[in-house]
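Biologist: I would love a close look at a single part of this model, the open sheet and whatever packs around it. Could you walk me through it in one go, and add a few notes on local details elsewhere in the chain?

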Amino acid sequence: MKDSARAVIIGGGVVGASVLYHLAKIGWTDVLLLEKSELTSGSTWHAAGGMHTFNGEANISRLQKYTIDLYREIEQLSGQSCGLHPNGGLMLAATEGELDSLRLICSRARYLGMETEMIPLEKAQQLNPLIDPSYFIGALWRADGGHCDPSGTTHAYVKAAQQLGAGIERFTRVLSLTPRRDGSWDVLTDKGRVHTEHVVNCAGLWAREVGHMAGIELPVLAMEHHYLITEDLPELAGREREIVNTTDYAGEIYLRQERRGVLIGTYEPQGIVWAPLQTPADFSMQLLPEDFERLAPYFEVGFRHFPALGRVGIRKAVNGPFTFAPDGNPLVGPVRGLRNYWVACAVMAGFSQGGGIGLVLSRWMAHDDPGQDIISMDVARFGAFATPKYTALKVPENYARRFRLAYPNEELPAARPVRRSPIHERLLAAGAVMGVNFGLENALWFAPAGVPPTETPTYRRSEAFPLVRAECLAVRRDVGLYETTNYGKYEVSGSGARAWLDRVFASRLPRPGRLALAPMLNAAGRIMGDLSLACLADDRFLVIGSGFAEEFHLRWFAHAEPPPDVFVRSAASTLAGLAVAGPRARELLQRLTRVELSAPAFRLFQVTETAIGLAPVILARAGFTGELGYEIWTTPDYFATLYDELCSAGESLGLTHFGGRALSCLRLEKGYGSFNKDFRPDYTPGETGLDRFIDFSKAQFTGRAAALAERTTGPRRRFVVMEVDTDTEVVGFESILHDGTAVGYVTSGAYGHCVDKSLAAGYVPTALARDGAVFRIDVLGEMRVATVRSQPLYDPEGLLLRS
């Protein structure tokens, strides 16, 4: 075995094999894969081998399409068959909610260029004659997908990688990982030591243990998973083509043809966690004991929905472990605090996603950029809140919902509450209906006295619609109160803070007492953050951003290598916040502070350290509603007192609580985009409109060359807000059509209660992004007229904001 390599990949399943191939393909031929047993011996060998492009996140769907298309390439390179059965995919709906979900998938597919169609049940039966149509009301078909041979596919990756110069050592157990000061690693195995620049954890069932070797606790857990293979079915005899891979939402069943029988699997409620504390080191090519008695009721649903299955015997039962993250998406990317340590694990859908993960990880390692937005599977979407107990509660919940709808207004209950602000109970008493953001409870909307604080999950307008409307109107009419503790908060201090921040952010840095809107770019000139930057003193700054991106941004700050005279720390647990917005916001705060808040004295984007009542605070004139507004930050020990005093002082002014749903409505009325929803690492300053906050006169900042180049050539697409003729709001990633062709997609939407318009934000080609331009948006299967509004529909000149 060689004693050095540029990268060592730990784990020889389909994901590790894909990473090996893609690193070799990108030019890193001095790479080595270590597998403790035989290739595929963990979860890969017993996988059903399904491959599909269905995913609620458009970028993951793109990567799944790449994965499926890649198989022909690696077959040719390696000479190894992947055992492809490209028979497409079929999804069945039994309820109107499920049908709406399929319509949304179909809309998203238009822009992604994936051949997808809503079809009648009669056509679905032609694709799969086993269906009993009495249980269903509609279906969706997609051309991409099918199934492959797990072993053949993994070996095709490895053989292709070896032809490019990559190496592999089977039956080589990794014993420990030791970092060196220069960021490289010593990998100790039972066959010797390997010195490597990079370590990649693709250890699958053992990803948790390989994380422990580096001193981290990855949020990953294995679940037992069963599928059955039936005896031959007479209904399949003589067919020229296999039946289409089929997913049954209502039955929580998936099935595909296996020779002349059928493979049928289920994700049952009350699933069984496997190896909750430690994965056995000697587990290899093994299955788990069958538990058909427990699972019989769930498979019987499948036998009712596909009656022919119940008329034949079972040829084989398979129970094997697969790993999951708490939300069911993979964990991919570099880990903050560990130089050159990468993960690609918790990849449950390895034959749908493995190729795409290898692609983005190889780019990230070689070029310091994954090449596209992958936030939804970035390991940084979890923070310290994702403890082993949290993972143990969330993974079974996600497993049980694998084939259940996740409605856009639905909040899941497991492992809640984890993080609570000091006013959590007070907000509940005020009627708050809570959501969760990076583990922190936050108010979505408020139920008035006598109204149940519940909501029916739906893709359409819910019972909360009129209540959110009342919140919006109250903010615009009088004054509203919103908790901002769920924002991301960072303190940057030290004698070198200004110089370092000037390099990290593309904006002009504010002087003491001022706040600036501050885009943050990567070297390719793409958006890494849309933050605000408050200068409290020459050597002390408060940075505010999206709460879900706290770990993501802390990792980016570390990547920017703060010098010894710069100190960066999260203020997530040391600062809590409230926003006050509306025409009477100044009147409310002036009752509690000696600071003169009149417009000339304390104008927009001014910031000061002062007192509000009994609480010492950081007070900024800023907000996200487009109204006269203030953001107030204080330490948790003063927070409840601050809240109580604001409520008391605002009672006679009509002070109203409002939540995140109302904020989304208010911001779109002003045309404001939001990081993660509208602004992501796929987009550029020119495309988002954030270029107006860039200081191009600065000699240096990350992404400057790319931003200047775009300034010369112009962006190829632009962020727009449209009013939509619909009684159902968009969700996100719906296709935007012009002259019958998909030219863009929606990023977010809400109803503008104060302008009485349904609003959608998204991206369209620059040449079409003009005021009054008319498009069509596929909203749950109906083509709805959408008209671009280049000016905010509410207070277009910003007079109220500056008042």
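Modeller: Here is a tour of the sheet, followed by a few single residues. Please keep in mind that this is a predicted model.

Let's begin with the strand order. The open sheet has six strands, arranged as β29-β30-β31-β28-β22-β32, and their pairing is mixed. At the edges stand β29 (607–612) and β32 (655–657); each has a single partner strand, so one side of each is left without a neighbour in the sheet. From one strand to the next, the twist averages 30°.

The edge strand β29 is a good place to zoom in. Six bridges join β29 to β30 (residues 615–620), and the two strands pair in the antiparallel sense. If you would like one pair of residues to look for, take Thr610, whose bridge partner in β30 is Val617.

Now for the helices that lie across the sheet. Helix α15, spanning residues 636–650, lies across β22, β28, β29, β30, β31 (629–634) and β32. Its direction is at about 20° to β28. Helix α11 (residues 465–477) lies across β22 (479–483), β28 (576–581) and β32. Relative to β22, helix α11 runs at about 120°.

Moving along to helix α16 (residues 660–669), you will find Ser664 there. Ser664 has a relative accessible area of 17%, which is under the 20% cut-off, so this serine counts as buried. Leaving aside residues up to four places away in sequence, Ser664 touches Lys677 and Ala750.

A few backbone details in loops are also worth your time. The peptide bond from Arg416 to Pro417 is cis, its omega being near -10°. Pro417 sits in the loop between α9 (388–400) and α10 (424–429).

Two residues other than glycine have a positive phi to look at. For Thr40, phi is near 75°. Thr40 belongs to the loop between β2 (31–34) and β3 (50–51), and at 3% relative accessibility Thr40 counts as buried. Phe733 has a phi near 75° as well. You can find Phe733 in the loop between β33 (717–724) and β34 (735–738), where Phe733 is buried with a relative accessible area of 17%.

Note on methods. Residues numbered from 1 in each chain as written. Predicted model: local features only at pLDDT ≥ 70, side-chain atom pairs only at ≥ 80, totals over all residues. Heavy atoms only, no water. Pairing = 2+ DSSP bridges. Helix = DSSP H or I, 4+ residues; strand = E, 2+ residues; numbered from the N terminus. Axes fitted to C-alpha atoms, helices over the stretch in contact; angles between N-to-C directions. Contact = heavy atoms within 4.5 Å. Buried < 20%, exposed > 50% of the residue type's maximum accessible area, 1.4 Å probe, protein only.
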